[in-house]
Amino acid sequence: MNRLTRLAYTLLLFFVVLIIPGCSHKDCSHAMSCGIPPYKDAYHFPAVFWNDGGQIQFNNNCYNYANNKRTDSFAQPGRYAGAMYSSLTCSSVHQAAEADGLKPSSASAGCPCKKDKIALVVAPGIDFHWYRLGFDGMWSHKPGGTQATNVDNSGNLISNPETANRGIYTDFCGYFCTCSDSGQGQGHAQIN
Amino acid sequence: MSSKRFGSLVDLAVFMVLFTLVSRNAAWGQAQETAKTRGLTVTVLVYSGRQNPSYVLDDSDALKQLKALLDKAKTNERFEGTTVIPSQLGYSGIIVSNESRVPALPFQIEIYKKDVAVKNEGKKFLIDEGQAIETLLLDEAIKKGAIDKKILEFIKSGKLPRE
């Protein structure tokens, strides 16, 4: 086998092992481990990954944090799928999130392994916001370019996003399951 | 065969040299563009999901005024925490980024009401009792069309004005 043939085989192997599985992100089948990471990381600092006071914090919003996926693009529901929301209403943002591959769920239903529960709320005509459920049963969120936090606008821990103080985000739109990962920022949802 | 291989190596080397030259020219062009448009990028943190409104503050009078207000602000020795930007839904302050290195101004400024943080190599917390820095930057945001009066009212009162 000459050098050129060996190189071609190596490239083919690289393509098969690394590139092709990457195409199946939508079904989460390649995810290495289950579960969204906790709000507090292994070092007990609150969400240090997201709260760097720079590139990550200012360029990743609530949709990034809820899906646990760093894109540095202030991700917008439906943009990846080419079906972005057309108005700031529950139905429009809900539809856009579904286009990104997020699966609608309910308050009581669990999500399958390698998927985690997130919740959508809307300030009608103004903006949208997302929360994510940690494996400790509590919710956390990242209001835009600010730091991720586990408290609501009243400073209370969030046990239920439907009853949390959400300021002007008065419309509760529902729950979804997303393709997360146990590593911070490493989620597999198709968003940008 | 060996001369063919030598030929492809030369092709590869030529390609790499050309690629490096093109990349360097592109980077130089970008630096020139930045230098031409010197100004501060001001971002008003008001949305959670949507991109926040932002504008470039390049008016020399406004820049002078901002510098004067920063010089006038007192150091806040009592401030506890790493940022003045609160993590909450609704208005959370203003971030001023000096990426193009406007002289005599810090690399980054965070403002929320009377609390101000300036960042160069380290971070220093200041207090602007009259909230003049915040007012200046919000007024400029209105002038530049980055925010409208409805959002300004929401920022000031925390409530959305009735239609």
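Helix α4 of chain A (residues 90–99) has buried residues at A:V93, A:H94, A:A96 and A:A97. Here a residue is buried if 20 or more other C-beta atoms lie within 10 Å of its own, exposed if 12 or fewer, and partly exposed in between, with C-beta atoms placed from the backbone. Helices (H or I, at least four residues) and strands (E, at least two) are DSSP runs, numbered from the N terminus. The buried residues of α4(A) sit on the same side of the helix because they cover an arc of only 165° around the axis, the arc being that of the directions from the helix axis to the C-beta atoms. As background, an α-helix has 3.6 residues a turn, so residues three or four places apart point the same way.

This is a predicted model, in which local features need pLDDT of at least 70 and side-chain atom pairs count only at pLDDT 80 or more, while totals for chains, interfaces and linings use all residues. Residues are numbered from 1 along each chain as its sequence is written, and chains are lettered from A and ligands numbered from 1 in the order in which they are written.

What do the buried residues of α4(A) pack against? Their partners are β2 (115–123), β3 (127–133) and β5 (171–179) of chain A, where two residues are in contact if their C-beta atoms, placed from the backbone, lie within 7 Å. Just after the helix, A:G101 adopts a positive phi of about 100°.

**The cores**

A nonpolar core is a set of buried Ala, Val, Leu, Ile, Met, Phe, Trp, Tyr and Cys residues joined through C-beta atoms within 7 Å. The largest one has 37 residues, and A:V93, A:L120 and A:W130 touch the most other members. Two or more residues each come from α3 (62–66), α4, β2, β3 and β5 of chain A, with β2(A) giving the largest share, 6 residues. Leaving out residues up to four places away in sequence, the contacts of A:L120 include A:V93, A:H94 and A:A97 as well as A:F128 and A:W130. A second, separate core holds 31 residues, among them B:L40, B:V46, B:Y47 and B:A73.

**Chain B**

Chain B has 4 helices and 7 strands, and 28% of its 163 residues count as buried. Its 7 strands form an open antiparallel sheet in the order β2-β1-β4-β5-β6-β7-β3; two strands pair if DSSP finds at least two bridges between them. At the edges lie β2 (54–57) and β3 (74–75) of chain B, each pairing on one side only. The partner of β3(B) is β7(B) (residues 123–127), joined to it by 2 bridges in the antiparallel sense, and B:K74 stands opposite B:I127 there.

Two residues of chain B that are not glycine have a positive phi, B:A104 and B:Q131. Here is how they line up:

| Residue | Phi | Loop in chain B | C-beta neighbours inside 10 Å |
|---|---|---|---|
| B:A104 | about 70° | between β4 (93–97) and β5 (108–112) | 9, exposed |
| B:Q131 | near 55° | between β7 and α3 (132–143) | 15, partly exposed |

**Where the chains meet**

How many residues does each chain bring to the contact? Chain B gives 18 residues and chain A gives 20 residues. The chain B side divides into 7 nonpolar, 10 polar and 1 charged, where Ala, Val, Leu, Ile, Met, Phe, Trp, Tyr, Cys and Pro count as nonpolar, Asp, Glu, Lys and Arg as charged, and the others, Gly among them, as polar.
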